[in-house]
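Let's take a friendly walk through this structure, from one residue to a chain interface.

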Amino acid sequence: MLTLSLPVIQALQVATIVFASPGITGVISRIEARMQGRRGPRILQPYYDLAKLFRKESLAPLHSGPLFLLAPVLAFACYLTVPMLIPVLTTYALPLGNMGDILGGGIILAFASFMVAAAAAETGDPYAQLGASRAKTFGAITEPVVLLVVFTVALVTSTDLPYVLAATVTSGPAQLVRPAHLLASAALFMVILYETGRIPIETHTGTIELGMIETARPFEHSGPYYALLKWGSSAKQLIFYTLFLNVFAAPWGLASTRDLGPVLFAIVALIAKAIVVGVVVSVIDNTFAKLRLFRITEFVSAAFLLAVLAIFTLYLGGG
Amino acid sequence: MIDILAVARPAPTVFDGTANTVAVIVLLLEFGMLRASLFGAQVRLYAAQSVAVSVLAGVVAVGRGVPELFILAVLSLLLKAVIVPLVMMSQLRDSRAEIAGSGSLGVASEVIISILVAAFGFFAIGALGIHSEVLPAAALSLSMAVVLVSFVLMILRRDVISQAIGFFSLENGVSMASLVIAAGLPLILEVAFLFDLLVAVVVFGVLIRVQSDRTKSFSTVALDRLRG
């Protein structure tokens, strides 16, 4: 069997995330449409959208600075960096896999989101700025939840390298049913719903400007820059799903050797698992109503509660 | 990587993990009651919590081989998850009032306060170092947290439904604690507690009925207007 070298697998991790992510978005919107009794767009529609946008001309608002055009590129570069740090395809750490822990990945993602918000602030468009300021406000209150989830991981594994947690979870059923693990996973899932802009936080495909958070920020971008932002938000979604699946919920199906077969199987397994998460997210999308803006704190406080309880049970030796 | 795993805190056994998870679910449902905005939802949350407590009794019965706990599990399931909710709902069926927004604080601040109170309960009980043969000590701390959060619920929600449900769910916390400390408690005592609860339900049901008939609302804020 063909054995791949480590840098090739590393590149495959990034490529899987980047090239599969619009497809995952397409599958989710298809499933969502089917649940609502619509036919829905083609699964490959996001790829066509991106191809169309890349061919279009791009315009910048009159008084915007260089950051406006730089931000989409920088944000996309961040989304290319994070898949090197988390276990996308392999159970073992790849050469660059240990250069950052979960917090490091979180900082890079936060930097990407900050760049997009800063670019939105450059535009002078009220809706883009509204979205940017909301995203930062609610980002600030979800931050403690993320930190507590990381602390839980650190208490469970005595490190916060994502590879070690994945190995811990697969080591036996006792690790799976411990309340700290379940609570931290649930809290992370709620954060993911927030970060990917899903119900109950916001309507993903909505065009109602006043309810927008995440989708309002790229309002003024156009052409290839808009394409990069859209692609970036799909990539971010798949990164979060991968983090949730391959570190917390289901780190099975990953390649433990460098052979071609297991690595290809890991790609297929990741996509299949991401689609399962997508189905769950679509069900949530279709069963819950969007929260009013000022009730988002209730959603976040519920996630915070889960993460705090995870830490408590660990300290009492019961987690 | 193996070395790192060896340093890590050992996981509890599958039995302990399952029992703790069920106990955590009981506590989470108690927190859910803080934000319930329909009385039907409040009663359903209580029913779900009672199911979780019965499941915990069942888990102990299977995992530790205490067969009389099966009887307790079935009895408490029947009484607390079926009869009590039915009695409550039948008392309230023709009432049009709702309990939305009866909290004296916002939901997020109520949750933060309850987290603090629950933390106090957790660590106060954890410091006692009580060890039980049938259930992990964390379940005892969790049941203390359930009791304290139900106090917070009764104090902060200003409607009679939440206060009554808070009282009933306090009993859930206590019966969870009794599972940890004295799983072999004579069955007759446990059953006596259950029927005590039934009396409380009937009394509370009648009181709620009178209150909602007189004031056309479940709110206790309206009560001091009745003077004179």
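Helices here are DSSP runs (H or I, at least four residues) and strands are E runs of at least two, numbered from the N terminus. This is a predicted model, in which local features need pLDDT of at least 70, side-chain atom pairs count only at pLDDT 80 or more, and totals for chains, interfaces and linings use all residues. Residues are numbered from 1 along each chain as its sequence is written, and side-chain values use heavy atoms, with hydrogens and water left out.

Let's start with A:S234, which sits in helix α9 (residues 223-249) of chain A. A:S234 counts as buried because its relative accessibility is 9%, where buried means under 20% (1.4 Å probe, protein chains only).

Two spans of chain A are among those that UniProt, in an unreviewed entry, lists as "transmembrane region"; such annotations may be inferred rather than shown by experiment.

| Span in chain A | Helix | Strand | End C-alpha distance |
|---|---|---|---|
| residues 62-82 | 76% | 0% | 33 Å |
| residues 296-316 | 95% | 0% | 31 Å |

Now to the interface. Chain A and chain B bury about 2700 Å² between them, 78% of it on carbon and sulfur atoms; this is the accessible area (1.4 Å probe) that the two parts lose on being put together, summed over both. A:L305, A:F312 and A:L316 supply 21% of the area that chain A buries against chain B, more than any other three residues.

One salt bridge crosses this interface, that is, a side-chain nitrogen of Lys or Arg within 4 Å of a carboxyl oxygen of Asp or Glu. B:R35 and A:E298 form a salt bridge at 3.4 Å, N to O.

Definitions and conventions: Chains are lettered from A and ligands numbered from 1 in the order in which they are written. Buried means under 20% relative accessible area, exposed over 50%, partly exposed in between (1.4 Å probe, protein chains only).
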